[in-house]
Amino acid sequence: MWPAWPKLQVPLILALAAGSLFASLIGRNIVGRQGWGLLALEMVFLALLLLFWAFERKEICSRELSMIAVLGALAAVGRVPFSALMGIQPVTFLTILSGAVFGPRAGFMVGATAAIVSNFFLGQGPWTPWQMFSWGMAGVSAGLLTRYYPDIGRLWMLAFLFAWGYLYGWIMNFWHWSAFVHPHTGQSFLLTYLASLSFDTVHAIGNCLFYALFGKRFTMILQRFRNKLRVAVT
């Protein structure tokens, strides 16, 4: 008998993410300078295997799977035209709302899918697994937040989106510092984070603007679709 998925989903996702980050750090010695796209594909393939294993343990209709794929594609497509603007892009906003409505697994897959698909247009590299991890964890944390606080208010959600503007940047800063900055000292660590402060601030403000403009309507659409899925399953 397989263990219950709800007890294992976060540890398994974190283990997958940790493996992705470790592989991205040592990947230059494994796959060579031109192998980052292949490495990212392997990481998302593992994530998909994990997702389908979870789906096998729970009755999930094909329409919900299609919805997750559509949300991931929408986030990826939305990121491309905004790439010219410093820090402003809808991926974090869409990923967090997806996780908040559909749960941690859906949030992780929307964020991870958006990262790798959009990077086929913007460029694959050693940053791809870290972006998959960062946005995936944004979706996971949003799903856990609404699971334990289902009646979270609009102001708290704005604060959550604002915080993830910085958290995303801090995770990516750690990759940059660990991979490209030498020597690894407290001073270099602090300077790396200070260098991206304006970028992270714009990202955080952009998340709040997207939510203020589209959050209520978009959440209602996702909730309506989720409720229809529940009726269809029952």
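These legends accompany several close-up views of one predicted protein model.

Residues are numbered from 1 along each chain as its sequence is written. Because the model is predicted, local features need pLDDT of at least 70 and side-chain atom pairs count only at pLDDT 80 or more, while totals for chains, interfaces and linings use all residues; side-chain values use heavy atoms, with hydrogens and water left out.

**View 1. The whole chain is built from nine helices and zero strands.** Helices (H or I, at least four residues) and strands (E, at least two) are DSSP runs, numbered from the N terminus. Of the 234 residues, 49% count as buried, meaning under 20% relative accessible area with a 1.4 Å probe, protein chains only.

**View 2. Here are two stretches from the UniProt annotation "transmembrane region".** The unreviewed entry includes residues 100-122 and 155-177 among those covered; positions follow the numbering used here, feature names are shortened, and annotations may be inferred rather than shown by experiment. Residues 100-122 are 96% helix, with end C-alpha atoms 27 Å apart. Residues 155-177 are 100% helix, and their end C-alpha atoms are 33 Å apart.

**View 3. Meet Thr146, a residue of helix 6 (residues 128-148).** Thr146 is buried, at a relative accessible area of 15%. Its side chain reaches two backbone oxygens: that of Ala100 at 2.9 Å and that of Gly143 at 3.3 Å.

**View 4. Now for the surroundings of Thr146.** Setting aside neighbours within four places in sequence, Thr146 is in contact (heavy atoms within 4.5 Å) with Gly99, Ala100, Ile152 and Met157.

Key:
Buried means under 20% relative accessible area, exposed over 50%, partly exposed in between (1.4 Å probe, protein chains only). A polar contact is a pair of N or O atoms within 3.5 Å; within protein, one must be able to donate a hydrogen and the other to accept it, and residues adjacent in sequence count only if both atoms are side-chain atoms.
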